[in-house]
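Q: Please take a close look at one part of this predicted model, namely its interior. I should like a connected account of any enclosed space and of the elements that are covered from solvent.

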Amino acid sequence: MIYLDHNATTPLCAPALEAMQPFLERHYGNPSSVHAAGREARAGVDVARDRLADLLGAKPHELIFTSGGTESNNLAVLGLARAHAERGRHLICTSTEHHAVLHAFEHLGKREGFEVTILPVDERGLVEPDELERAIRADTTLVSIMTANNETGVLQPMEELAHVCEERGVFLHSDMVQSFGKVETDLARSGLAAASFAAHKFYGPKGAGLLYLRAGFPIEATQFGGAHENQRRPGTENVPAIVGMAAAAEFVLRDRVAEQERQSALRDRLWESIAAAFLMATQNGATTHRLANTLNVSFDGFSSETILMALDLDGVCASSGSACMVGSVVASHVLLAMGLPERLASSAVRFSLGQGTTEEEIEHAGEIIARVMNRLRETQSSHAYAVV
């Protein structure tokens, strides 16, 4: 099997597994308990928080542990909007956000009386800082713009966008689920009010994430039942997963620059193989401002589902910019927002590489893709001839 779907999830790295093991077996206490077993668990959480804060350029008390990226995004959007509603009820996000952000904004607009502006992107998937500045009003309180898009890998000009928000006194939240471990992350210098992370995107365990919330910024809790995480997120902490998340963060940052250069070269090699095998193939999104590991390709004339099933049968795991909902194929909202016609948006396949991806695998994947596309073209031609 050749796994080229690392943007969906990554395998658990050995350091994370090793760090988690004692908390799955010996140190199983509730971290809120005052006895020795509880103190052991609490120490694990505290050490992990300190390590993560150091890696992210944050203060330990600025990190809120959650169950993952979706919860972190929801807590940021709903919590910040509600906490500052008296100051203003106008919110801004981009058209290419993950649904964890888009649907939270949609809920606030439809159910809680907020006004939401959806900021457009250009054909490369990029937000223009001038567009953001024009969209901000006197009653705008929150802007949410993801650092790296999960489908195309496109990187937004976050420094410029943060500068616009700071000048206008507006909170900026960023979904950094896909970017952490791939691009430099220094929250202290980012200008962000909040940022979301998920462990399983950087070789940590599923079920763990965190929300960075800059010190001094009030937020309203979205769940109830306890005073955990400084009364911002109730519930017993997932101690093994939190410990594993810290170990995975250290792992992914250890050789980040060299590893991203390696993956970039492999990604480009894969694109060369695809372009040679299928002349109608087109890359989607900015080719310079994007993650090193991500390649989003439209195969004009074929549905992404057909290609993905064929690749899966030949041992290649990739994903689609489309989703099958209630029996009907829905084209990627990200690609449609970039102006792609539905024909191309519905033929997109995302290949995302990881630390375990080898040169041999990329060479083999290129051969398999060529073979699959030739077979699909032959099938399509035979079908067309039969119909005639």
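A: The account below begins with the cavities, turns to the strands beside them, and ends with a helix and an open sheet.

In this predicted model, a search of the whole structure finds 2 cavities of 30 Å³ or more. The largest cavity holds about 110 Å³ of space. It is lined by 17 residues, and those closest to its centre are Lys 182, Tyr 203, Val 252, Gln 260 and Gln 263. Helix α9, residues 256-277, supplies the largest share of this lining, with 4 residues. Gln 260 and Gln 263, both among the residues closest to the centre, fall in the residue range of α9. By class, the lining has 5 nonpolar, 8 polar and 4 charged residues.

The second largest cavity holds about 30 Å³ of space. Its lining consists of Leu 52, Leu 56, Phe 180, Phe 197, Phe 202, Leu 210 and Ala 249. These divide into 7 nonpolar, no polar and no charged residues, whereas polar and charged residues are both present in the lining of the largest cavity.

Two lining residues of the second largest cavity, Phe 197 and Leu 210, lead to a pair of neighbouring strands: Phe 197 lies in β7 (residues 194-198), and Leu 210 lies in β8 (residues 209-213). In β8, 5 of 5 residues are buried. Both faces of the strand are covered, with Gly 209, Leu 211 and Leu 213 on one side and Leu 210 and Tyr 212 on the other. Strand β8 runs antiparallel to β7, to which 5 bridges join it; here Ala 198 stands opposite Gly 209. Strand β2, residues 63-66, is also antiparallel to β8 and is joined to it by 4 bridges. In that pairing, Leu 63 has Tyr 212 as its bridge partner.

Strand β3, residues 90-94, is likewise mostly covered, with 5 of its 5 residues buried. His 90, Ile 92 and Thr 94 are buried on one side, and Leu 91 and Cys 93 on the other. Its pairing with β4, residues 115-119, is parallel and extends over 5 bridges, with His 90 opposite Glu 115.

Helix α6, residues 158-168, has Met 158, Leu 161, Ala 162, Val 164 and Cys 165 as its buried residues. Viewed down the helix axis, these fall within an arc of 155 degrees, so they line one face of α6. An α-helix has 3.6 residues a turn, so residues three or four places apart point the same way. The cover over the buried residues of α6 includes α5 (129-135), β5 (140-144) and β6 (171-175). The face turned away from the buried side carries the exposed residues Glu 159 and Glu 167. After α6 comes Gly 169, with a positive phi near 70 degrees.

Finally, an open sheet of 4 strands follows the order β9-β10-β15-β12, with antiparallel pairing. At its edges stand β9 (281-283) and β12 (319-320); each has a single partner strand, so one side of each is left without a neighbour in the sheet. Within this sheet, β10 (residues 294-299) and β15 (residues 348-352) are joined by 5 bridges and run antiparallel, and Thr 294 has Ser 352 as its bridge partner.

How values were computed: Residues are numbered from 1 along each chain as its sequence is written. This is a predicted model: local features need pLDDT of at least 70, side-chain atom pairs count only at pLDDT 80 or more; totals for chains, interfaces and linings use all residues. Side-chain values use heavy atoms; hydrogens and water are left out. On a 1 Å grid over the protein atoms alone, a cavity is a set of points where a 1.4 Å probe fits but cannot get out, and a pocket is an open set with protein on both sides within 12 Å along at least five of seven lines; lining residues have an atom within 4 Å of a point. Grid points are joined across faces, edges and corners, and a volume is the space filled by probe spheres set on the points. Helices (H or I, at least four residues) and strands (E, at least two) are DSSP runs, numbered from the N terminus. Ala, Val, Leu, Ile, Met, Phe, Trp, Tyr, Cys and Pro count as nonpolar, Asp, Glu, Lys and Arg as charged, and the others, Gly among them, as polar. Buried means under 20% relative accessible area, exposed over 50%, partly exposed in between (1.4 Å probe, protein chains only). The arc is that of the directions from the helix axis to the C-beta atoms. Contact means heavy atoms within 4.5 Å. Two strands pair if DSSP finds at least two bridges between them.
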